[in-house]
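Student: Could you take me through the part of this model where the ligand sits? I'd like a close look at what surrounds it.

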Amino acid sequence: MRIDVLTLFPEAVEPFFASSIIGRARAAGIVSIHCTDIRDFAGGRHQKVDDRPFGGGPGMVMMCPPMFDAVEHVEAQDATPAARILLTPQGERFTQAAAHQLAEQPRLLLICGHYEGFDERIRQGLQPREISVGDYVLSGGEPAAMVLVDAVVRLLPGALGDEESTENESFSAGMLEYPQYTRPREFRGLAVPEILLSGDHARIEQWRMAEALRRTRERRPDLYEMIIKTRPDLSRFVDEGARS
Ligand code: ADE
């Protein structure tokens with residue numbers, strides 16, 4: 001997969017894309033990531049990328065010409081067609097399902113905005129898919145692009161080692177994680193649940209499923225409703241878990 005990121009602050013995102021699982025996936029040739037500075041496509045002496053809104057009002061609006069030039073320049077670097085994505089609080093909410101969908105694409109082009117917003121013709125002319133990472137306003141699309149790239153890259157085949165695989169995530173798709181423990185067995189009076197030390201793998205799996213469901217029901221009733229609607233058989237784990 002190739003990912004292009006158009007931003008006014010490449011220096012803010014590049015170190016993130018060089019670290020951890022993303023950095024490793026790049027080194028392994030699983031993904032290539034290219035950051036492009038939108039300001040390089042700004043005309044004039046002042047390299048202007050934004051201007052005051054027509055009709056008046058506060059703030060600045062990102063201009064069309066540098067944005068279109070940057071998109072066209074970057075897209076022409078590779079014949080693979082890119083899925084264009086605009087990071088904006090006005091977009092559809094980003095989910096794990098969307099991450100899976102995007103992980104199937106050969107190429108993504110992410111556009112990070114700044115200032116008060118975009119000239120509407122950026123939406124009209126470039127027709128990007130608009131994605132929000134949550135119902136809050138960031139000062140720019142960069143943290144949102146990092147969230148999206150992280151969620152997508154870890155799903156690419158080979159990006160995670162066997163130890164970190166996402167297999168367990170599909171088993172428990174749509175639920176919150178069950179509680180995890182590691183050594184020591186007892187810490188400041190807090191003991192590891194006995195069942196995890198039992199070696200009885202079938203019972204451990206049951207316990208984990210019950211805990212994941214219980215936690216989801218408590219903390220995210222909206223997710224729990226959805227799971228039980230599609231998998232009514234799972235509710236038995238919660239009842240069994242409560243008994244054991
Ligand atoms: N840019 C500013 N806020 C954002 C958000 N919540 N999601 C995506 N992009 C953004």
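**A close look at the ligand site**

Tutor: Let's start with the whole chain before zooming in. This is a predicted model, and its radius of gyration is 23 Å, whereas a compact globule of 244 residues would come in near 18 Å. The C-alpha trace spans about 70 × 40 × 35 Å along its principal axes. In terms of secondary structure, you're looking at ten helices and nine strands.

Now for the ligand. The space it takes up is the second largest pocket. Two elements give two or more residues each to the shell around the ligand: strand E5, which runs over 83-93, and strand E7, covering 129-132. E5 makes the largest share, with three residues.

In total, 13 residues surround the ligand, and the ones that come nearest are Thr88, Val133, Gly134, Tyr136 and Leu138. If you sort the shell by character, you get eight nonpolar residues, five polar ones and no charged ones.

Next, pick out the polar contacts, and keep an eye on the backbone as you do. Tyr136 offers a polar backbone atom 2.8 Å from a nitrogen atom of the ligand. With Val133, a backbone N or O atom lies 3.0 Å from a ligand nitrogen. Thr88 has a polar backbone atom too, this one 3.2 Å from a nitrogen atom of the ligand. As for how much of the ligand is covered, on its own it has 260 Å² of accessible area, and the protein covers 96% of that.

While you have E7 on screen, step back along the chain to Gln127. This residue is in the loop between helix H5 (120-126) and E7, and its phi is positive, about 50°, even though Gln127 is not a glycine.

One more backbone detail to find in the model: Arg183 and Pro184 are joined by a cis peptide bond, with omega about 0°. To locate it, go to the loop between helix H7 (167-171) and strand E8 (186-187), where Pro184 lies.

So, back to your request: the picture to keep is a ligand with 96% of its accessible area covered by protein, and a shell with no charged residues.

Definitions and conventions. Residues are numbered from 1 along each chain as its sequence is written. This is a predicted model: local features need pLDDT of at least 70, side-chain atom pairs count only at pLDDT 80 or more; totals for chains, interfaces and linings use all residues. Side-chain values use heavy atoms; hydrogens and water are left out. A residue is near a molecule or strand if one of its heavy atoms lies within 4 Å of it. A polar contact is a pair of N or O atoms within 3.5 Å; within protein, one must be able to donate a hydrogen and the other to accept it, and residues adjacent in sequence count only if both atoms are side-chain atoms. Accessible areas come from the Shrake-Rupley method with a 1.4 Å probe; for residues, only the protein chains shown count as cover. On a 1 Å grid over the protein atoms alone, a cavity is a set of points where a 1.4 Å probe fits but cannot get out, and a pocket is an open set with protein on both sides within 12 Å along at least five of seven lines; lining residues have an atom within 4 Å of a point. A molecule sits in a cavity or pocket if more than half of its atoms lie within 2 Å of its grid points. Helices (H or I, at least four residues) and strands (E, at least two) are DSSP runs, numbered from the N terminus. Ala, Val, Leu, Ile, Met, Phe, Trp, Tyr, Cys and Pro count as nonpolar, Asp, Glu, Lys and Arg as charged, and the others, Gly among them, as polar. The radius of gyration is taken over C-alpha atoms; the globule rule is 2.2 Å times the number of residues to the power 0.38.
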